[in-house]
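Work through the exercises below with the structure open beside you. Try each task before you read its solution.

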Amino acid sequence: MRKLSLLLLISFLLFSCQKEQEDIPSLSYQELKPILNKEDNKTYIINFWATWCAPCVKELPYFEKMNKEYADKNVEVILVSLDFPDKKEKKLLPFVDKNNIQSKVLLLDDPNEQFWIGDISDKWSGALPATLIFNKNKREFYEKSFDYNELESAVKPFIE
Amino acid sequence: MKTIKTLLVVAVFVVATAFTVSSTKGGYKVGDAAMDFKLENVDGTMVSLADFKDAKGFIVVFTCNTCPYSVAYEDRIIALDKKYKSKGYPVIAINPNDPAAAIGDDMKSMKLRAQEKGFTFPYLFDEGQTVYPVYGATRTPHVYILQKKGGKNIVEYIGAIDNNSRRPSEVTERYAEDVIDALLAGKKPSKTYTRAIGCTIKTTMKTPQPE
């Protein structure tokens with residue numbers, strides 16, 4: 001009997017662990033665009049990245065820290081992955097799980113890259129990492145890597 | 001005092017431009033004559049455009065082993081070569097990455113990859129990174145379609161292979177094929193420039209690179 005309850009407990013734990021690994025929504029550009037143009041009271045930091053992009057992976061902790069420490073200042077970080085759609089299960093989900101990423105993660109899965117790169121910003125060549133910071137009054141696009149101090153300085157003008 | 005000030009201004013200017021210069025896009029425009037080169041192929045020979053006496057032009061593709069976009073396009077680059085080599089437009093692939101900045105883009109790995117995939121075209125190494133800056137390539141893959149005219153190789157197209165890097169089955173515009181079909185028919189290509197989608201070319205010469 002004790003063995004059985006242990007087994008039940010283990011399977012319950014396994015099950016609940018599995019449930020924690022949330023799915024990452026795959027969005028077309030049409031679905032993503034409204035998220036990049038919200039006009040509520042928040043400041044959004046949209047970081048475009050991919051698991052295969054080394055400088056992206058390096059700067060992710062700074063975005064995570066930002067999301068946590070500036071939450072009370074109405075700042076939200078959204079990580080938009082440009083991983084290939086067929087790598088979502090094998091690379092992206094395990095990466096997010098393993099690194100315990102807390103910011104919201106979305107996968108942009110849209111074939112019309114000739115259009116959406118320029119539509120997101122005419123300053124963007126399509127290179128990663130890239131970051132869009134905006135609120136209802138202001139908008140800035142950066143095709144560069146950030147460290148935490150640079151990120152803080154970039155966000156400051158948005159929350160003053 | 002004034003000279004110090006001037007020097008300082010000059011220094012600031014030099015520092016500022018040092019960064020902007022590295023990111024400005026030089027390189028070829030459509031209509032320019034492209035340089036020839038002599039680069040080592042994965043089979044150990046040295047390859048130049050001039051070796052291809054019977055070619056009408058070239059599909060020069062800057063690509064590499066390590067970029068996911070390059071990998072996604074490998075089969076399509078092979079297909080391009082198979083389709084157009086016999087018509088006079090062979091693929092010439094060049095790896096522009098510095099292996100010191102991109103692990104897995106050295107000649108040994110290139111040989112292995114060419115063998116694994118059965119590349120039907122030369123896969124050359126841009127030793128010392130002397131070729132890609134002249135062309136103005138910034139991405140892998142980055143395509144330059146050249147047409148032989150009066151002994152010169154004239155750039156007719158710069159950009160992407162097609163309009164869907166991620167899903168080959170959902171491609172609706174085959175930019176490179178359309179250009180070569182037009183050239184073969186003696187027409188001007190309708191689209192001569194598209195955005196090359198891919199990874200940045202890796203070099204140790206600059207500050208940390210975006211992908």
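**Exercise 1. A salt bridge across the chains**

Task: Find the residue of chain B that forms a salt bridge with D109(A), and give the distance between the closest N and O atoms.

Solution. Keep in mind that this is a predicted model.
- Step 1: Start at D109(A). Its salt-bridge partner is R167(B).
- Step 2: Take the closest N and O atoms of D109(A) and R167(B). They are 2.5 Å apart.
- Step 3: Check the cut-off. A salt bridge needs the nitrogen within 4 Å of the carboxyl oxygen.
- Step 4: Count such bridges between chain A and chain B. There are two salt bridges.

**Exercise 2. The interface as a whole**

Task: Describe the contact between chain A and chain B: how many residues does each chain give, and what area is buried?

Solution.
- Step 1: Count residues. Chain A gives 23 and chain B gives 19.
- Step 2: Take the area. The size of an interface is often given as the accessible area lost when the parts come together. Here about 1900 Å² is buried between chain A and chain B. Carbon and sulfur atoms give 52% of that area.
- Step 3: Count polar contacts. Seven residue pairs are in polar contact between chain A and chain B, with both residues at pLDDT 80 or more.
- Step 4: Find the elements on the chain A side. Those that give two or more residues are α3 (54-69) and α5 (113-120) of chain A. The most comes from α5(A), with five residues.
- Step 5: Sort the chain A side by residue type. It holds 15 nonpolar, four polar and four charged residues.

**Exercise 3. Three acidic residues**

Task: Decide whether E113(A) is buried or exposed. Then do the same for E76(A) and D81(B).

Solution. The cut-off for buried is under 20% relative accessible area.
- Step 1: E113(A) sits in helix α5 of chain A. Its relative accessible area is 1%, so E113(A) is buried.
- Step 2: Look at what E113(A) touches. Leaving out residues up to four places away in sequence, the list is N163(B), N164(B), S165(B), R166(B) and I197(B).
- Step 3: E76(A) is in strand β3 (residues 75-81) of chain A. At a relative accessible area of 17%, E76(A) is also buried.
- Step 4: Beyond four places in sequence, E76(A) touches K42(A), T43(A), Y44(A), I45(A) and N67(A). The C-alpha atoms of E76(A) and S103(A) are 8.0 Å apart, though 27 residues separate the two along the chain.
- Step 5: D81(B) belongs to helix α2 (residues 68-84) of chain B. Its relative accessible area is 0%, so D81(B) is buried.
- Step 6: The side chain of D81(B) reaches the backbone nitrogen of V91(B) at 3.0 Å. Not counting residues up to four places away, D81(B) touches P90(B), V91(B), T120(B) and F121(B).

**Exercise 4. Nonpolar cores**

Task: Which residues touch the most other members of the largest nonpolar core?

Solution.
- Step 1: The largest core has 55 residues.
- Step 2: L32(A), I46(A), F48(A), W49(A) and W124(A) touch the most other members.
- Step 3: Follow I46(A). Setting aside neighbours within four places in sequence, I46(A) contacts L36(A), I78(A), V80(A), A130(A), T131(A), L132(A) and F134(A).
- Step 4: Look for another core. A second, separate one has 28 residues, including I59(B), Y84(B), A93(B) and F125(B).

**Exercise 5. Unusual backbone angles**

Task: Find where the cis peptide bonds from L128(A) and T140(B) lead, and where N100(A) and Q129(B) lie.

Solution. Most residues other than glycine have a negative phi, and most peptide bonds are trans.
- Step 1: The bond from L128(A) to P129(A) is cis, with omega near -5 degrees. P129(A) lies in the loop between α5 and β5 (130-134) of chain A.
- Step 2: T140(B) and P141(B) are joined by a cis bond, with omega about -10 degrees. P141(B) is in the loop between β7 (139-140) and β8 (142-149) of chain B.
- Step 3: N100(A) has a positive phi, near 50 degrees. Its loop runs between α4 (88-98) and β4 (104-108) of chain A.
- Step 4: Q129(B) has a positive phi of about 50 degrees. Its place is the loop between β6 (123-125) and α4 (132-135) of chain B. Q129(B) counts as buried because its relative accessibility is 8%.

How values were computed
Residues are numbered from 1 along each chain as its sequence is written. Chains are lettered from A and ligands numbered from 1 in the order in which they are written. This is a predicted model: local features need pLDDT of at least 70, side-chain atom pairs count only at pLDDT 80 or more; totals for chains, interfaces and linings use all residues. Side-chain values use heavy atoms; hydrogens and water are left out. Contact means heavy atoms within 4.5 Å. Buried area is the accessible area (1.4 Å probe) that two parts lose on being put together, summed over both. A salt bridge is a side-chain nitrogen of Lys or Arg within 4 Å of a carboxyl oxygen of Asp or Glu. A polar contact is a pair of N or O atoms within 3.5 Å; within protein, one must be able to donate a hydrogen and the other to accept it, and residues adjacent in sequence count only if both atoms are side-chain atoms. Helices (H or I, at least four residues) and strands (E, at least two) are DSSP runs, numbered from the N terminus. Ala, Val, Leu, Ile, Met, Phe, Trp, Tyr, Cys and Pro count as nonpolar, Asp, Glu, Lys and Arg as charged, and the others, Gly among them, as polar. A nonpolar core is a set of buried Ala, Val, Leu, Ile, Met, Phe, Trp, Tyr and Cys residues joined through side-chain atoms within 4.5 Å. Buried means under 20% relative accessible area, exposed over 50%, partly exposed in between (1.4 Å probe, protein chains only).
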